[in-house]
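Here are some short exercises on charged side chains, each with a worked solution. Have the structure open and try each task before reading on.

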Amino acid sequence: FAKVLTWTLVWAFFATFTTFFGGILMAMFINDKKTKCPKLWRTLFMVTIAVPQFVTLLLVRNFFSNNGICNTMMANAGVTDFLHNIGLLDKGLSYIPFLTQPGWAMFTIIMINIWIGVPYQMLIATGVLMNIPADMIEAARIDGANPVQMFFRIKLPYLLSVQGPSLVTDFVKNVNNFNVIYLLTQDVFVTNNQQLAQSNAKEIDLLVTWLFRLTQDYYNYKMAAVLGIMVFIVCAVFTVVCFHFINKKEATFS
């Protein structure tokens, strides 16, 4: 349970904040006056929203399979041999185990989620950034602030004040993000950890995917009920603490 809970929290943290900051950076890039063809860039990133997620994830799973196109490209480009030479890949493997070994699978899942989640955050961040008073930015520029200072002193605090509650809900949503984990790893990832195997769990399982497997594959409803309660407790505690902190900050500013 501790291993699955730890990965659930790590996944939720990275899945939330990588897409949040990625969306901000993408919104700033597209809306910058120096960027050419902003509508084209915006359209390209919106494709991931237009296509149903289960179609996208199943297709990407085939791309990153052991005999998929990504491994073929990596082998032809010499990346696989390079990973062998630096010790990141076992010598007995002729492919990169993107979705079949725990470390690689965790990293790959987070990267794929960034690709899927950034467009949503980009749209939200675009709306928030457009509401920042122009005279505030101009005053900072006159005072000699560089773009990095304006981002951390003006834009980011404004984004966090507006999107704070949204980040909390995104974190809770990612704790229960069934689609990404299940569709990318079902029938692909097989655990070699006997302790996890005896518990009908895998290294890349979230609490919610573990719960689903217990009910649908093993009919262990008692354990599934306990996991459901634990998921609720984790989400409830996190939500209460975060909203208390947010309300405290708002009261301080007001």
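**Exercise 1.** Find where E138 and R141 lie, and work out how they pair.

*Solution.* Start with the helix: in this predicted model, helix α7 covers residues 134-142 and holds both E138 and R141. Next, look at the spacing: they are three residues apart, about one turn of the helix. Now check the contact: the closest N and O atoms of E138 and R141 are 3.0 Å apart, and the two form a salt bridge. That distance qualifies because the cut-off is within 4 Å. Finally, consider exposure: E138 has a relative accessible area of 39% and R141 has 44%, so each counts as partly exposed.

**Exercise 2.** Are D170 and K173 buried or exposed?

*Solution.* First place them: D170 and K173 both belong to helix α8 (residues 147-175), three residues apart, about one turn of the helix. Their side chains meet in a salt bridge, 3.9 Å from N to O. Then take each partner in turn. D170 has a relative accessible area of 12%, so D170 is buried. K173 reaches 51% relative accessibility and therefore counts as exposed.

**Exercise 3.** Which residue forms a salt bridge with R213, and is that partner buried or exposed?

*Solution.* Look around R213: the partner is D205, with the closest N and O atoms 2.4 Å apart. D205 has a relative accessible area of 0%, so D205 is buried. R213 is buried too, at 5% relative accessibility.

**Exercise 4.** How many salt bridges does a search of the whole structure find?

*Solution.* The search finds three.

How values were computed:
Residues are numbered from 1 along each chain as its sequence is written. This is a predicted model: local features need pLDDT of at least 70, side-chain atom pairs count only at pLDDT 80 or more; totals for chains, interfaces and linings use all residues. Side-chain values use heavy atoms; hydrogens and water are left out. Helices (H or I, at least four residues) and strands (E, at least two) are DSSP runs, numbered from the N terminus. Buried means under 20% relative accessible area, exposed over 50%, partly exposed in between (1.4 Å probe, protein chains only).
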